[in-house]
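Student: I should like a close look at a single helix of this chain and its surroundings. Please describe how that helix is placed and how it relates to the nonpolar interior.

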Amino acid sequence: MSVQPARRTMTIGDALALLRPDFPDVTVSKIRFLEAEGLIEPQRTPSGYRKFTPADVDRLRFILSAQRDHYLPLRVIKEYLQARDRGEEVDPPWAAPARPARAPRRLVAADGAAAAPGEDVPDVRLTRRQLLDGAAADEELLAELEDAGLVRRTGRHYGAEALAVTRAAAALGRHGVQVRHLRAVKAAADRELGLIEQAVAPLLRRRGPGGPEEAERTARAIADLLARVHAALVCAGLRETLDR
């Protein structure tokens, strides 16, 4: 009689090592949080240690991708996974037709970077927990960003801009860049907004149809151009610094 090989299992550290190349911000605490929320159920040894299978790692990879790339709340991801666990044939949540309530507006790209010119991504509404979870940030950092005016919320929810700023601030913190250093960045952004407002003011005062739409198109075009100038100047300065 042939003996079936035992299914390979791994520790939480092993699972983390497999995920880190694609999700550098994932932590042990993040995995434990997903378990506490009921999205994963790793095996437990008699002494209580978690043991993960390759299928568990694939499930984690799906969850992390759904959060990062599609801004899906954990509740939506959990409902989808539970349906699959029951054997139901369901499409991924992001494949569902969008509700026609509101036209998408250009915010940030799926990876949290600034959207490319002309690129549209859906608006999102994130709870505080979803924002912290998606940005791999803690309460202290978010409080500092809010105090500095770098992150704002509408009611109880945060938008994609807040996610992009918080995610970038968390990554910058690992390089020694603190929130207080970002005040200069906000000041520069405020000055650029002043330039845009000055440029589109005549369009907003124009009477007749199409004025607001033309003002929005012009404002976005100017914002794109200013972002390109900013990036080019930083790259040029960085090149001079490194060539010294």
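Tutor: The model is predicted, and the helix chosen here is H2, which spans residues 28-36. Its buried residues are Lys-30, Ile-31, Leu-34 and Glu-35. These residues lie on the same side of H2, because they cover an arc of only 140 degrees around the axis. An α-helix has 3.6 residues a turn, so residues three or four places apart point the same way. Ser-29 and Ala-36, on the other side of H2, are exposed. Just after the helix, Gly-38 adopts a positive phi of about 85 degrees.

The buried residues of H2 pack against several elements: helices H1 (12-19), H3 (54-70), H4 (74-85) and H5 (128-135), together with strands S1 (43-44) and S2 (50-51).

One of the buried residues, Ile-31, also belongs to the largest nonpolar core, which has 22 residues. Within this core, Ile-31, Leu-19, Phe-52, Ile-63 and Ile-77 touch the most other members. At least two residues of the core come from each of H1, H2, H3 and H4, and H3 gives the largest share, 5 residues. Apart from this core lies another, of 21 residues, including Leu-131 and Ala-160.

Beyond its neighbours within four places in sequence, Ile-77 is in contact with Leu-39, Phe-62, Ile-63, Ala-66, Gln-67 and Leu-72. Of these, Ala-66 lies in H3 and counts as buried because its relative accessibility is 1%. With the same neighbours set aside, Ala-66 contacts Tyr-71, Leu-72, Ile-77 and Trp-94. Trp-94 is 28 residues from Ala-66 along the chain, and their C-alpha atoms are separated by 8.4 Å.

Technical notes. Residues are numbered from 1 along each chain as its sequence is written. This is a predicted model: local features need pLDDT of at least 70, side-chain atom pairs count only at pLDDT 80 or more; totals for chains, interfaces and linings use all residues. Side-chain values use heavy atoms; hydrogens and water are left out. Buried means under 20% relative accessible area, exposed over 50%, partly exposed in between (1.4 Å probe, protein chains only). Helices (H or I, at least four residues) and strands (E, at least two) are DSSP runs, numbered from the N terminus. The arc is that of the directions from the helix axis to the C-beta atoms. Contact means heavy atoms within 4.5 Å. A nonpolar core is a set of buried Ala, Val, Leu, Ile, Met, Phe, Trp, Tyr and Cys residues joined through side-chain atoms within 4.5 Å.
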